[in-house]
Amino acid sequence: MARITIENVTKRYGDVTIIDRLSLAIEHGEFFTLLGPSGCGKTTLLRMIAGFIIPSEGRLLLDDEDITRLPAHKRETGMVFQDYALFPDKTVFDNVAYGLRVRRFSNQQIKEKVGQMLERVGLGHLPTRYPGELSGGQRQRVALARALIIEPRVLLMDEPLSNLDAKLRIQMRDVIRQLQQESKITAIFVTHDQEEALSMSDRIALLRQGKIDQLDTPEGLYARPGTSYAADFIGAANLVKVLSQQTHDHSVLVDIPGGRISVSAPTPGPEACLAARPEHIGVHSDNSQPGRIPATVVFRRYLGFKATYALELADGSTINADIPAAHDAAYAPGSQVFLSFSQACRLVAA
Ligand SMILES: Nc1ncnc2c1ncn2[C@@H]1O[C@H](COP(=O)(O)OP(=O)(O)OP(=O)(O)O)[C@@H](O)[C@H]1O
Ligand SMILES: [Mg+2]
């Protein structure tokens, strides 16, 4: 078992707080992602779990053991870095064998284990190549094999896909997720790519300036963002100004520039804005239904399966809508239209 508990951990450099009293429990076998923009503290937090950085305050537990001050090499974690950090003068086989040699496994055991691991990551045919003779995706597989061969209790990965091209990144998501599921290992994955986080994780901690903004499943984070930060970072929601709001039974009546709509989500307080994802907005030629808001088409971009619109509201602000090709009436720039907001739109903390 390997459960990680982060208790009130703070990391400061001089006067600057990088991680701010952060608490988190990562369950055994979980694929857990630290997500957030550049500089929010993802790498710092991961390196504290790995043991490369010591927290200024707080505790780290691996199961019930306090590992806050345990040196990195005694933590039984495997780490995969963004730049792979392979030994350039060692073959694929020797790169992967490294951790076993340090642990004094016999040559016979090493041959067997490395052979099996290379098969698992799809590199069984390339044991004698050097890193310089491999593609980016192959190098990343070597790095994964090298981390997993020592059967770590926790696999830590810091943006392992960011040096790969778009197509390979998507393939390697499945490779990593599958390896993690097969070995039932607790994995912590760092990325700033929301799609990567949504597609791979059991749970995601969205970080904002060294704190957790929201901790949730991918579905929860997408469907029920709690803040404008989360709504914007995941799925690029439009954040529409809320002029006033009134709660009525199970719905909230919300005044936005140009009119009034009704949303079902609970209201987070007076400082709220409306988070409306582009796919949750409809564009219509008339206001025959209640709750449609007038807007002017700024431009339409045709993308085959859908069209994206930029639309100007009464206060001059612009919002984006994605309309599936089947429902798209191809409104020209300058057209007067009316917008509907689906029940998936939510009030979030501004
Ligand atoms: N050794 C250090 N001394 C001072 N400040 C540091 C140090 N290491 C990191 N920082 C600062 O801490 C903040 C968080 O850095 P960190 O590397 O954890 O961010 P990140 O979320 O991993 O970003 P990225 O997505 O760019 O990798 C940054 O503002 C960075 O400049
Ligand atoms: Mg980083």
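Mentor: A residue is buried if 20 or more other C-beta atoms lie within 10 Å of its own. Keep that cut-off in mind for this predicted model.

Trainee: Which residues of helix α1 are called buried, and what makes them so?

Mentor: In α1, residues 42-50, they are K42, T44, L45, L46, M48 and I49. The label counts C-beta neighbours, so each of these six has 20 or more within 10 Å. Across the protein, buried residues make up 37% of the 350 residues.

Trainee: What is notable about G51?

Mentor: G51 comes just after α1 and takes a positive phi of about 100°.

Trainee: What makes a residue part of the shell around ligand 1?

Mentor: Its C-beta atom, placed from the backbone, must lie within 6 Å of the ligand. Y13, I18, G36, S38, G39, C40, G41, K42, T43, T44 and H192 are the residues around ligand 1. Helix α1 gives the most to this shell, with three residues.

Trainee: How does the shell around ligand 1 divide by class?

Mentor: Seven residues are polar, three nonpolar and one charged. Gly counts as polar here, so G36, G39 and G41 fall in the polar class. Lys counts as charged, so K42 belongs to that class.

Trainee: Why is the set around V96 and L144 called a nonpolar core?

Mentor: Members must be buried, come from the nonpolar types such as Val and Leu, and be joined through C-beta atoms within 7 Å. The largest such core has 94 residues. V96, L144, A145, I188, L274, A276 and L339 have the most contacts inside it. Helix α4, residues 136-148, gives the most, with six residues. Domain 1 (4-225) and domain 2 (229-349) each supply at least three residues.

Trainee: Which residues does L144 touch?

Mentor: Leaving aside residues up to four places away in sequence, L144 touches V80, V121, I176 and L179.

Trainee: How do you know that β1 and β4 pair?

Mentor: Pairing takes at least two bridges. Strands β1 (residues 4-13) and β4 (residues 57-62) have five, in the antiparallel sense. The two strands therefore pass the cut-off. T5 stands opposite L61 in β4.

Trainee: What is the strand order in this open sheet, and why do β2 and β5 count as edges?

Mentor: The order is β2-β1-β4-β5, with antiparallel pairing. β2 (16-26) and β5 (65-66) each have a single partner strand, so one side of each lacks a neighbour in the sheet.

Trainee: How many helices and strands does the protein have?

Mentor: It has eight helices and 21 strands. Its C-alpha atoms fill a box of roughly 80 × 45 × 35 Å along the principal axes.

Note on methods
Residues are numbered from 1 along each chain as its sequence is written. Chains are lettered from A and ligands numbered from 1 in the order in which they are written. This is a predicted model: local features need pLDDT of at least 70, side-chain atom pairs count only at pLDDT 80 or more; totals for chains, interfaces and linings use all residues. Helices (H or I, at least four residues) and strands (E, at least two) are DSSP runs, numbered from the N terminus. A residue is buried if 20 or more other C-beta atoms lie within 10 Å of its own, exposed if 12 or fewer, and partly exposed in between; C-beta atoms are placed from the backbone. Domain bounds come from an automatic or database domain assignment. Two residues are in contact if their C-beta atoms, placed from the backbone, lie within 7 Å.
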